[in-house]
Amino acid sequence: MKEIDISRAIINFHFKALLDNISTDVVIVGAGPSGLVAGGYLAEKGFKVTILEKRLSPGGGIWGGGMGFKYAAVQEEALHILKDFNINYQKDESGLFMVDSLELASGLIHGAIQKGANIFNLITVEDLVVRENRVAGVVINNTFALMEGFPIDPLTIEAKAVVDATGHEHDVVATLSRKNDIKLNTPTGKPLGERSLFAEPAEKGVVENTKEVYPGLFVCGMATAAVFGYYRMGPIFGGMLLSGEKLYNLLKDRLS
Ligand code: 48F
C-alpha cells in the first residue's frame with residue numbers, strides 16, 4: 001500500500017462526486033432535519049439531490065436535543081417519517097414520542113445518503129445564481145476560506161430548484177433579498193423575521209409556510225418562520241420532519 005494511492009483515491013472520488021453534482025435537480029442548502037428528510041425522499045424518488053452543509057457535521061440543530069439534554073420530542077403525526085428512516089422512539093406519558101437526538105441526527109443523515117442524496121459538508125452557499133428573475137443555482141465556497149475572510153472567488157452549481165433549509169439563519173433568502181431589488185412571496189416582499197416561542201402554532205406554521213418564496217427558490221424548516229414571520233417552537237421536531245415531507249411533495253410534482 002502506497003500513501004499516494006490513498007490520496008489519489010480520495011481526490012478521484014471526491015472530484016467525481018462533485019462533478020456529478022454541478023448540474024443537479026435540487027440543491028438543498030443546510031443539512032438539518034427538514035433538508036435531510038426532503039432530500040432523502042426526493043432522492044429515493046429518483047431525483048438528483050445535492051445537499052450542501054457549511055459545517056463539518058450535518059445534522060444542524062438536532063444534536064443538542066433541548067439545552068444539550070439528548071432527547072427531542074416528536075408528535076404522532078410525524079412517526080411515519082421516523083419509521084421510513086429506521087429511527088427508534090418511545091412514548092412519553094404526555095402523549096409525545098421521544099427520540100434520542102444522536103439517533104435522530106445520525107439516522108436522518110444515514111437515511112438520506114442511503115436513499116441516494118449527495119451530501120457535501122464544509123461547503124457554504126454564499127450567494128445565488130439569478131437569471132431572468134429566477135433562481136437558477138447556488139454560489140459556493142469553502143467554509144474555511146470564508147471563515148478566514150480570504151479573497152477567493154467562488155464556484156457555482158446549477159439546479160432546477162434551490163431550497164433554503166438553513167434554519168433560523170434563513171441565509172439564502174436573506175442574501176437574495178439583500179442583494180437584489182426583488183419581491184419575495186411574503187406580505188412585504190421581504191423576510192418578516194422570526195417571532196418568539198409558541199410551540200403549537202409554530203409547528204403548524206412551519207408546514208403551512210413550506211413553499212416557493214421566489215421563482216426557483218423554496219423554503220422549508222425553521223427558515224420558514226424567519227421568512228414568513230412565524231413563531232419558533234423549541235426542541236420539538238415533528239414540524240421539521242413534516243416540512244421536509246411537504247417540500248418533497250411540492251418538488252416531486254414540480255420537477256416531474
Ligand atoms: O437549523 P437546522 O437544524 O435546520 P432545520 O431543518 O431545523 C431546525 C431545528 O434543528 C431546530 C428547531 C426545531 O425545533 O428549531 O433549530 O430548519 O440546520 C440548518 C443547517 O444549515 C446550515 C447550518 O450549518 C445547519 O447545519 N447552513 C446555514 N447556512 C448555510 C448552511 C449556508 N449558507 N450554506 C450551507 N449550509
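Start with strand β7: at 3 residues, β7 gives the largest share of the shell around the ligand. Keep in mind as you click around that this is a predicted model. Now add helix α2 (33–44) to the selection, since α2 and β7 (123–130) each put at least two residues into that shell.

Next, select the whole shell. You should get 28 residues around the ligand, and those that come nearest are S34, E53, G61, M222 and G234. Colour the shell by residue class and you'll see 12 nonpolar, 11 polar and 5 charged residues.

Time to zoom in on polar contacts. Pick S34: an N or O atom of the S34 side chain sits 2.7 Å from a ligand oxygen. Hop over to H168, where a polar side-chain atom is 3.3 Å from an oxygen atom of the ligand. Then go to D171, whose side chain has an N or O atom 2.8 Å from a nitrogen atom of the ligand. Switch on a surface here: on its own the ligand has 730 Å² of accessible area, and the protein covers 95% of it. If you run a pocket search, the space the ligand takes up is the largest pocket.

Last stop: aromatic rings. The whole structure holds 5 aromatic pairs. Select F198 and Y231: their ring centres are 5.1 Å apart and their planes meet at 75 degrees, so this pair is edge-to-face. Trace the chain between them, because the pair links distant parts of it, 33 residues apart: F198 is in the loop between β10 (195–197) and α7 (199–208), while Y231 belongs to strand β13 (residues 231–232).

Note on methods: Residues numbered from 1 in each chain as written. Predicted model: local features only at pLDDT ≥ 70, side-chain atom pairs only at ≥ 80, totals over all residues. Heavy atoms only, no water. Near = heavy atom within 4 Å. Polar contact = N/O pair within 3.5 Å; in protein donor to acceptor, adjacent residues only side chain to side chain. Areas by Shrake-Rupley, 256 points an atom, 1.4 Å probe, with all protein chains shown as cover. 1 Å grid on protein atoms, 1.4 Å probe; cavity = no way out; pocket = protein on both sides within 12 Å on 5 of 7 lines; lining within 4 Å. Sits in = over half its atoms within 2 Å of the grid points. Helix = DSSP H or I, 4+ residues; strand = E, 2+ residues; numbered from the N terminus. Nonpolar A, V, L, I, M, F, W, Y, C, P; charged D, E, K, R; others polar. Phe/Tyr/Trp six-rings, centres within 6.5 Å; stacked < 30°, edge-to-face > 60°.
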